[in-house]
Amino acid sequence: MENVSLIFRSLVIDQRSPLEPWKQSYVSLIKDVQVIRQKLLANPALSIKDPQLYAGLGITDYNNLLFRLIYEASNGVSGKGRATLPKVVFNKLYNDTAFEAILKDTFINPDKNASYNAFRTWWTNFCKANGSMDFKMLVNRAVAAIHPEIATVTVDEGKFNEVVAELNQTCDFSFPNGSWLAKNIILTQWLDDKIKAELDEMDKLYNDPVIRLFYRNVFTWALFENGTTDLFELHKQIIKYGPPGTGKTYTCQRNAFYHFENWTSKYCPSFKGNFENHVERIQFHPSFTYEDFIEGLRPVPDALGKTVLKLVP
């Protein structure tokens with residue numbers, strides 16, 4: 001996966017339309033959480049339950065903050081899958097002063113690794129004491145909302161580690177062992193360098209730093225969903241079908257360009273040719289059928305002169 005920028009373009013930039021609902025939800029949550037964070041940083045003496053933290057926000061109070069970060073099925077950062085905290089256990093969080101302190105520390109502690117590790121340890125003990133499964137991804141999801149500058153949206157550690165393992169094998173960077181957040185910190189810094197030009201394009205288009213973070217942070221999930229191995233491995237035959245005007249020709253040309261660029265950078269980096277000189281477009285008559293082009297049953301004479309149907313290319 002040497003050509004990270006090409007893969008980012010294919011999986012994220014070219015998929016902006018289907019990603020739009022997720023982007024809107026993400027931006028809405030992150031901007032509210034960042035207002036809360038900035039108010040706490042400006043006045044650390046404030047209680048995280050103080051109503052003034054939530055004035056004018058979509059997150060209306062502390063209880064709603066906990067719901068958005070921990071309990072909501074899909075909160076803008078990610079879904080929670082099967083990580084469903086029992087309602088009775090979730091309700092205990094609101095009145096738990098230790099959790100109140102842990103969450104506030106996650107917002108304001110400059111040592112983000114230390115606050116994350118403290119959060120995880122407390123969470124494990126809390127879940128054990130209340131007979132609940134230790135859904136670590138709920139902690140990760142909360143931290144990804146509080147610190148989007150250093151955390152991606154792939155909050156399931158198993159899935160995140162699959163992506164990291166593949167990157168370790170195929171890219172020019174080694175990710176050290178460590179916690180989910182420690183790996184995210186390294187990964188987000190690496191991505192900021194590898195796809196800087198593409199992220200700068202998003203800045204020019206949207207002029208919103210949170211949207212820039214969204215597109216960077218969603219990349220790891222796109223890699224997991226699409227498979228990270230040989231994403232642009234050349235296929236000899238691809239058939240696209242659909243009514244006119246749905247983008248078949250456009251996407252074919254775009255994907256052919258990605259194949260060309262990835263192949264030349266991987267196997268022939270010194271090649272100076274250009275894509276336009278190595279691609280040919282052929283348009284067939286509308287009456288041309290699949291059977292004419294690939295294979296099908298055709299009437300052909302047999303040895304006795306009788307007509308039989310035979311599968312022929």
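Biologist: What makes the crossing of helix 5 and helix 6 left-handed?

Modeller: In this predicted model, the crossing of helix 5 and helix 6 is left-handed. That name applies because the near helix is turned anticlockwise from the far one by less than a right angle.

Biologist: Which residues of helix 5 and helix 6 make the contact?

Modeller: Helix 5 brings Ala98, Phe99, Ile102, Leu103, Asp105 and Thr106, while helix 6 brings Ser115, Ala118, Phe119 and Trp122. Sorted by class, the contact has 7 nonpolar, 2 polar and 1 charged residues. Asp105 is the charged one, since Asp belongs to the charged class.

Biologist: Why are helix 5 and helix 6 called roughly antiparallel?

Modeller: Let's put the angle next to the cut-off. Helix 5 (residues 97-108) and helix 6 (residues 112-129) pack at about 155 degrees, and their axes are 9 Å apart. Angles over 145 degrees count as roughly antiparallel, so this pair earns the name.

Biologist: And why are helix 2 and helix 7 called roughly perpendicular?

Modeller: The angle between helix 2 (residues 16-42) and helix 7 (residues 136-146) is about 75 degrees, with 8 Å between the axes. The range for roughly perpendicular is 65 to 115 degrees, so the two helices fit that description. Leu29, Ile30, Val33, Gln34 and Arg37 of helix 2 meet Ala144, Ala145 and Ile146 of helix 7. Those residues split into 6 nonpolar, 1 polar and 1 charged.

Biologist: What makes Arg37 the charged residue of that contact?

Modeller: Arg is listed with Asp, Glu and Lys as charged, so Arg37 supplies the 1 charged residue in the contact of helix 2 with helix 7.

Biologist: How do you know which classes meet where helix 1 touches helix 10?

Modeller: Start with the geometry: the axes of helix 1 (residues 4-11) and helix 10 come within 9 Å and cross at roughly 35 degrees. Ser5, Phe8 and Arg9 of helix 1 meet Glu198, Leu199 and Glu201 of helix 10. The contact divides into 2 nonpolar, 1 polar and 3 charged residues. Arg and Glu count as charged, so Arg9, Glu198 and Glu201 are the 3 charged ones.

Biologist: How do you know whether Tyr116 is buried or exposed?

Modeller: Tyr116 is found in helix 6, and its relative accessibility is 1%. Buried means under 20%, so Tyr116 counts as buried. Beyond residues up to four places away in sequence, Tyr116 touches Val139, Asn140, Val143, Glu157, Ser179, Trp180 and Leu181. The C-alpha atoms of Tyr116 and Ser179 are 9.1 Å from each other, although 63 residues separate them along the chain.

Biologist: Why is Glu72 called buried?

Modeller: Glu72 has a relative accessible area of 18%, and the cut-off is under 20%, so the word applies to Glu72. Glu72 sits in the loop between helix 3 (62-71) and helix 4 (87-94). Setting aside neighbours within four places in sequence, Glu72 is in contact with Phe67, Lys80 and Arg141. Between the C-alpha atoms of Glu72 and Leu138 there are 10.0 Å, with their positions 66 residues apart along the chain.

Biologist: What makes Asn207 exposed?

Modeller: Exposed means over 50%, and Asn207 reaches 69% relative accessibility, so Asn207 counts as exposed. Asn207 lies in the loop between helix 10 (196-206) and helix 11. Its phi is near 50 degrees, a positive value in a residue other than glycine.

Biologist: Why are Lys31 and Asn63 called partly exposed?

Modeller: That label covers values between the buried cut-off of 20% and the exposed cut-off of 50%. Lys31, in helix 2, has 37% relative accessibility and so counts as partly exposed. Asn63, in helix 3, has 38% and is therefore partly exposed too. Lys31 touches Asp208 and Val210, not counting residues up to four places away in sequence. Asn63 and Leu93 are 30 residues apart in sequence, with 9.1 Å from C-alpha to C-alpha.

Biologist: Which residues touch the most other members of the largest nonpolar core?

Modeller: They are Leu65, Leu93, Leu103 and Trp123, out of 79 residues in that core. Helix 11 (residues 209-226) gives the core its largest share, 9 residues. Apart from neighbours within four places in sequence, Trp123 is in contact with Ile70, Leu85, Leu93, Asp134, Phe135, Leu138 and Val139.

Terms used:
Residues are numbered from 1 along each chain as its sequence is written. This is a predicted model: local features need pLDDT of at least 70, side-chain atom pairs count only at pLDDT 80 or more; totals for chains, interfaces and linings use all residues. Side-chain values use heavy atoms; hydrogens and water are left out. Axes are lines fitted to C-alpha atoms, for helices over the stretch in contact, and angles run from 0 to 180 degrees between N-to-C directions. Helices (H or I, at least four residues) and strands (E, at least two) are DSSP runs, numbered from the N terminus. Angles under 35 degrees count as roughly parallel, over 145 as roughly antiparallel, 65 to 115 as roughly perpendicular and the rest as oblique. Contact means heavy atoms within 4.5 Å. A nonpolar core is a set of buried Ala, Val, Leu, Ile, Met, Phe, Trp, Tyr and Cys residues joined through side-chain atoms within 4.5 Å. Buried means under 20% relative accessible area, exposed over 50%, partly exposed in between (1.4 Å probe, protein chains only).
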